[in-house]
Amino acid sequence: MANTLSRSADDEEEEEDGAPPPPPMRVLAPIFDMINHSPNHNAEFIRDGDTMIVRALRDIDADAEVFINYGGSTEPAWKCLFSYGFVPLVEEVYETDTAELLVDGVHFEVSPVDIPLELIRYEATGSWKPQTNSEEEEEEEIELTLEIGQRIIDRLLDAATNLESYVSSKSLQEGEETSVVAPVSLADLRESNRRTLLACAGGLREFLEEL
């Protein structure tokens, strides 16, 4: 696995008369490159001309680590893995996190706040069809009922349980020394997906309770 991206920053200077912003600056910045990423970052970075600036967003203790946010290339978790070679594991699950739900050979992408219409249609009719741009085709109305919603919740929980079992069976032995990073990163990705599936199930359950 190769690290394909490093850092990028926006220019702080505003262009006058509606001029387009300057092109991205590509540089090697060894010290800046050592700052780790966190969704709950306590610092931010900007470009001011030819200068890279890192500034605190709040008070930071003397011995605390400084974190920045690497931006949209870290969301969802799989993109962060393929871009930077790691998966940010935090307790919180964010609205931008996504996970793949496999249903009878069909892949559906879900998030804590979104259930695709195709998945609801599949549970309602037993079949699914991709959206088309044809104006002549009338889109049938699909209602998310309590029964359909509960079936989707069951699928989400089953998928999360399967991921938990897989991660547990493939996890490294405590104290085992290894130089292989890829299995650990993939296990982190599965754990991130498991948490997202659980958050999606929880959000859908709350929605159904309000029906």
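Let's start with Cys200: this residue counts as buried, at 3% relative accessibility. Keep in mind, everyone, that we're looking at a predicted model. There is a second cysteine to mention, Cys80, and that residue is buried too, with a relative accessible area of 0%. Both calls follow because buried means under 20% relative accessible area.

Now, I know what a biochemist asks next about cysteines. How many disulfides does a search of the whole structure find? Zero. As a reminder, a disulfide is a covalent bond between the sulfur atoms of two cysteines.

Let me step back to the chain itself. You'll find four helices and six strands in it. If you walk along from the N terminus, the order is β-β-β-β-α-β-β-α-α-α.

On to burial and surface. The chain has 211 residues, and buried ones make up 30% of them. Its accessible surface is about 14300 Å², with 48% of that belonging to carbon and sulfur atoms. As for contacts, take those in the chain with a separation of 6 or more: 60% of them are between residues 24 or more positions apart.

One last stop, and it's Ser38. Where does this serine sit? In the loop between β1 (36-37) and β2 (43-48). Is Ser38 buried or exposed? Buried, because its relative accessible area is 11% and the cut-off for buried is under 20%. So which residues does Ser38 touch, leaving aside its neighbours within four places in sequence? Those contacts are Phe67, Ile68 and Asn69. Do find that loop on the structure above, and thanks for listening!

Definitions and conventions:
Residues are numbered from 1 along each chain as its sequence is written. This is a predicted model: local features need pLDDT of at least 70, side-chain atom pairs count only at pLDDT 80 or more; totals for chains, interfaces and linings use all residues. Side-chain values use heavy atoms; hydrogens and water are left out. Helices (H or I, at least four residues) and strands (E, at least two) are DSSP runs, numbered from the N terminus. Buried means under 20% relative accessible area, exposed over 50%, partly exposed in between (1.4 Å probe, protein chains only). Contact means heavy atoms within 4.5 Å. Accessible areas come from the Shrake-Rupley method with a 1.4 Å probe; for residues, only the protein chains shown count as cover. A disulfide is a pair of cysteine sulfur atoms within 2.5 Å.
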